[in-house]
Amino acid sequence: AMASGGQRVVLITGCSSGIGLRLAVLLAQDAKKRYYVVATMRDLRKKGRLEEEAGDTLNKTLTIRALDVCSDESVTQCLDGIQDRRVDVLINNAGIGQIGPIESLGMPEMQKVFETNFFGAVRMIKAVLPDMKRRKSGHIVVMSSVMGLQGIVFNDIYSASKFAMEGFCESLAVQLLKFNINVSLIEPGPVNTEFEMKLMEEVGKSEFPGADADTVHYFKNVYLPASHEIFVTLGQSPDTVAKATARVIEMSRPVFRCQTNALYTPLVAMKYADESGNLSVRTFYNLLFNYGTLFHLSMSALRCLTCSCFRRRSVYPS
Ligand SMILES: NC(=O)c1ccc[n+]([C@@H]2O[C@H](COP(=O)([O-])OP(=O)(O)OC[C@H]3O[C@@H](n4cnc5c(N)ncnc54)[C@H](OP(=O)(O)O)[C@@H]3O)[C@@H](O)[C@H]2O)c1
């Protein structure tokens, strides 16, 4: 199978699960068959789920290839296997999370987060740029996060890796516009994928060596329950994020930034409302340490407001 004339070749990284998998399937199922999706993953033994969800688009508008964003060789091999090495839309989705007190995290583990989330995307962009520039067209999409705009407690390294991506893209976007290449950052809030579960597994295994008892207590008994609550209350489905991404790809003048979760926008806006930065630092501090109960209550209120029975009653009052 290969792209037919008029089809845009979309390469997505990290399609074994989560947002990448849903986005690959969504684009492959496009009614007008506008996309030819190269859905990549680092370990092809995990392709079963994607194959299943792709259904009859498999080997028609979707092909599955191996690609590890941390390996030059793997990236070269994958691109060389694509007809004319043509990628019209590159979606850098592969990423890993990391939570916990930094005292208890090893330097190699932290570097792995940057190797994947930051240098992995940089490696991909560097590899497709010469062809995009030659053709004077292309779209580079990066799965960032609201944590790339606002640091969140105990996500220090992960936040930093997404901030790095944001800065990199802000800088690159200007130069690339001269070549008619667009850059877009997708900034989801919490998304209910394997992401959170993988983090919890890691945390469950760790004894937090090197971190003091107070910090471990705040992390386990204050941060973790609050974070879980946020995922349950504000979490979006990977499908919602995939659809938002598909809309950005379709734009004739793509937006540079797209926050997918409107409930998060005020939290991010705080830092621009007060240039001293104290408003956001103090607000997040109070939310976590002083207003635990209020935080819990407001989460319950949000859950109530966003619950479908409430929505039904408001839209169709009896
Ligand atoms: N879930 C959230 O709350 C959330 C919120 C905002 C942004 N994001 C971002 O969204 C993106 C997708 O995350 P997700 O929520 O869909 O989580 P996910 O289900 O864990 O998916 C992450 C994907 O990245 C892949 N990956 C990891 N390292 C890789 C490497 N070196 N090379 C190629 N692929 C690699 C994983 O493959 P394996 O199966 O082989 O590990 C997996 O397919 C990430 O960039 C994440 O930072 C997630």
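How far does a backbone N or O atom of valine 69 lie from a nitrogen atom of the ligand? The separation between these two atoms is 3.0 Å.

## Basis of the model

This is a predicted model, in which local features need pLDDT of at least 70 and side-chain atom pairs count only at pLDDT 80 or more, while totals for chains, interfaces and linings use all residues. Residues are numbered from 1 along each chain as its sequence is written, and side-chain values use heavy atoms, with hydrogens and water left out.

## Ligand surroundings

Around the ligand there are 31 residues (each with a heavy atom within 4 Å of it), of which Ser16, Ser17, Tyr158, Thr193 and Lys198 come nearest. Helix H1 (18–28), H5 and helix H6 (194–205) each supply at least two residues of this shell, and H6 gives the largest share, three residues; helices here are DSSP runs of H or I with at least four residues, strands are E runs of at least two, and both are numbered from the N terminus.

Besides valine 69, a polar backbone atom of isoleucine 19 is 2.8 Å from an oxygen atom of the ligand, and a polar side-chain atom of tyrosine 158 lies 2.6 Å from a ligand oxygen atom. The ligand taken alone exposes 900 Å², and the protein buries 97% of that (Shrake-Rupley method, 1.4 Å probe).

## Nonpolar cores

The largest nonpolar core (buried Ala, Val, Leu, Ile, Met, Phe, Trp, Tyr and Cys residues joined through side-chain atoms within 4.5 Å) has 32 residues, among which Leu11, Leu79, Leu90 and Ile140 touch the most other members; buried means under 20% relative accessible area, exposed over 50%, and partly exposed in between, with a 1.4 Å probe and protein chains only. Elements that give two or more residues to this core include strand S1 (8–12), strand S2 (35–41), helix H3 (72–80) and helix H4 (107–135), and H4 gives the most, nine residues.

A second, separate core of 31 residues includes Ala24, Val25, Leu27 and Val248.

## Helix H3

In H3 the buried residues are Ser74, Val75, Cys78 and Leu79, and seen down the helix axis they fall within an arc of 125° (taken from the directions from the axis to the C-beta atoms), so they line one face of the helix. The face turned away from this buried side carries the exposed residues Asp72, Glu73 and Gln77. What covers the buried residues of H3 includes S1, S2, strand S3 (62–66) and H4 (contact means heavy atoms within 4.5 Å).

Key. Polar contact = N/O pair within 3.5 Å; in protein donor to acceptor, adjacent residues only side chain to side chain.
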